[in-house]
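Welcome, and please take a moment to turn the model around before reading on. The paragraphs below walk through its sheets, helices and cores step by step.

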Amino acid sequence: MEIRLNHILCHTIEEVKDAGGYEIADFLDEWSSFGDTVSGQTSGSTGIPQKVELQKEDMIASARLTNDFFGINASSSMFLCLSPNYIAGKMMLVRAMIAGADLITVKPSSSPLVGIDIPLDFAAMVPMQVQESLNHDFTRERLKNIKSLIIGGAAVSSLLERRLAELPIRSYATYGMTETVSHVALRKLDGKTKEYAAIGDVWFSQDARGCLIINAPHLSHRVFETNDVVQLIDNYHFIWLGRYDNVINSGGVKLFPEKIEQKISPFVSSRFFLTSQPDERFGERLVLVIEGKRWDREKVELFKKKIAHVLTPYECPKLILFKEHFQETYSGKIIRRID
């Protein structure tokens, strides 16, 4: 379904619904109301999804930052393949409205480019959608039609980054949250860049835990405290280390599961995550959980030898478990539970 935003705004909400865009129509209906806010919800990656009220003026300010960075204007074509029920989808609509750009929409799916074979200036996807598009020759070719692609909602694996770096497109991992009304920093996915860079007038600091503090003058709340442990390069650049909630203390050594997962990822074709279990000697022991059927002993031992070359002794998992299917959030983030 192709919808042009400036075309939508000239028609009634019912006409948009008749065209199949029920979620889009619901958002536009709420956006055009007299209230100062629209409803949203967090992803639920660190707990139960929470309802939040998003200031329309904040969404407009955030949209302008992104539009300025990527050069989005009235002659641009944008692609919406995410649900407008969540912040990423809502912001694509707002960006298009602010710019007066054309917006092509499809029903959210794991492979959104199947029916799209036209040049696109800007698109936003979750990692699962990009991975699936890369897995098939014809959709991989269609990815090349996208001038600028932002990827968020879940971590981008090192393997996915390497595959993207081979394509002639500009792709970026986003950093942000529902409360900051989409992203406040971007990291270029070229296989080399490790740092996230602030966009617009955003700048960063740290708290006593080493967690990132976001200073966003363009938003009404302005200052946001996070649970993301970072290496702060300067006020405008940082390297993300992991969630403070996920840090594992094993024998007095702090381990960041997300960074260890990046090291392991070239050796595992299935999805996986690192977590911990209580340990009498070390306090906590590192546990690797792999999605799928249990490997035989020989495969497990070979895998252990391979990862031992890229991990420190403390980073090596003390136990490897297998789980048939992982639970995940809407955006594709794995819910890190063993049970």
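Two strands are said to pair if DSSP finds at least two bridges between them. Keep in mind as well that this is a predicted model. With that, look at strand β17 (residues 283–291): β17 and β18 pair in the parallel sense, over five bridges. One of the places where you can find this pairing is E291, whose bridge partner in β18 is K323.

Now step back to the sheet around this pair. Three strands form an open sheet in the order β16-β17-β18, with mixed pairing. Which strands stand at the edges? They are β16 (272–279) and β18 (319–323); each has a single partner strand, so one side of each is left without a neighbour in the sheet. From one strand to the next, the twist averages 35°. A helix belongs to this picture too: α9 (residues 257–264) lies across β16 and β17, and runs at about 130° to β16.

Next comes another sheet. Strands of a sheet pair through backbone hydrogen bonds, either parallel or antiparallel. Here eleven strands form an open sheet, and you can trace them in the order β4-β3-β5-β6-β7-β8-β9-β13-β12-β11-β10. The pairing in this eleven-stranded sheet is mixed. Its edge strands are β4 (102–105) and β10 (203–206), each of which pairs on one side only. The twist averages 40° from one strand to the next. At the β10 edge, four bridges join β10 to strand β11 (residues 211–215), and the two run antiparallel. Look there for Q206, which stands opposite L212 in β11.

Some single residues along the way deserve a closer look. Strand β7 (residues 170–177) holds S171. Is S171 buried or exposed? Its relative accessibility is 2%, and buried means under 20%, so S171 counts as buried. Leaving aside neighbours within four places in sequence, S171 is in contact with L149, L164, R187, K188 and L189. Another serine, S182, lies in strand β8 (residues 182–188). S182 has a positive phi of about 80° although it is not a glycine, and with a relative accessible area of 11% it is buried. R222 also has a positive phi without being a glycine, with a value near 75°. You will find R222 in the loop between β11 and β12 (223–234), where it is partly exposed, with a relative accessible area of 47%.

Let us turn to the helices. An α-helix has 3.6 residues a turn, so residues three or four places apart point the same way. In helix α3 (residues 22–31), the buried residues include I24, A25, F27, L28 and W31. These cover an arc of only 165° around the axis, which puts them on the same side of α3. Helix α6 (residues 127–134) can be read in a similar manner: P127, Q129, V130, S133 and L134 are buried there. They cover an arc of only 165° around the axis, so they sit on the same side of α6. What do the buried residues of α6 pack against? Their partners are β5 (120–125), α7 (137–143), β6 (146–151) and α8 (158–165).

Helices also meet one another. The axes of helix α4 (residues 56–70) and α5 come within 9 Å and cross at roughly 75°. Angles of 65 to 115 degrees count as roughly perpendicular, and therefore α4 and α5 are roughly perpendicular to each other. Where they meet, α4 brings residues including M59, A63 and N67, while α5 brings residues including I87, M91 and V94.

Finally, look inside. In soluble globular proteins, nonpolar side chains tend to be buried together. The largest nonpolar core in this model has 68 residues, and those with the most contacts inside it are F27, M59, F79, M125, L149, L164 and I214. Helix α5 (residues 87–99) gives the most to this core, with eight residues. To explore the core from one residue, try F79: not counting residues up to four places away in sequence, F79 touches a list of residues, among them M92, L103, I104, L113, F122 and M125. There is also a second, separate core of 17 residues, which includes V268, F303, I307 and F322.

Note on methods
Residues numbered from 1 in each chain as written. Predicted model: local features only at pLDDT ≥ 70, side-chain atom pairs only at ≥ 80, totals over all residues. Heavy atoms only, no water. Buried < 20%, exposed > 50% of the residue type's maximum accessible area, 1.4 Å probe, protein only. Contact = heavy atoms within 4.5 Å. Arc of directions from axis to C-beta. Axes fitted to C-alpha atoms, helices over the stretch in contact; angles between N-to-C directions. Core = buried A, V, L, I, M, F, W, Y, C linked by side-chain atoms within 4.5 Å. Parallel < 35°, antiparallel > 145°, perpendicular 65-115°, else oblique.
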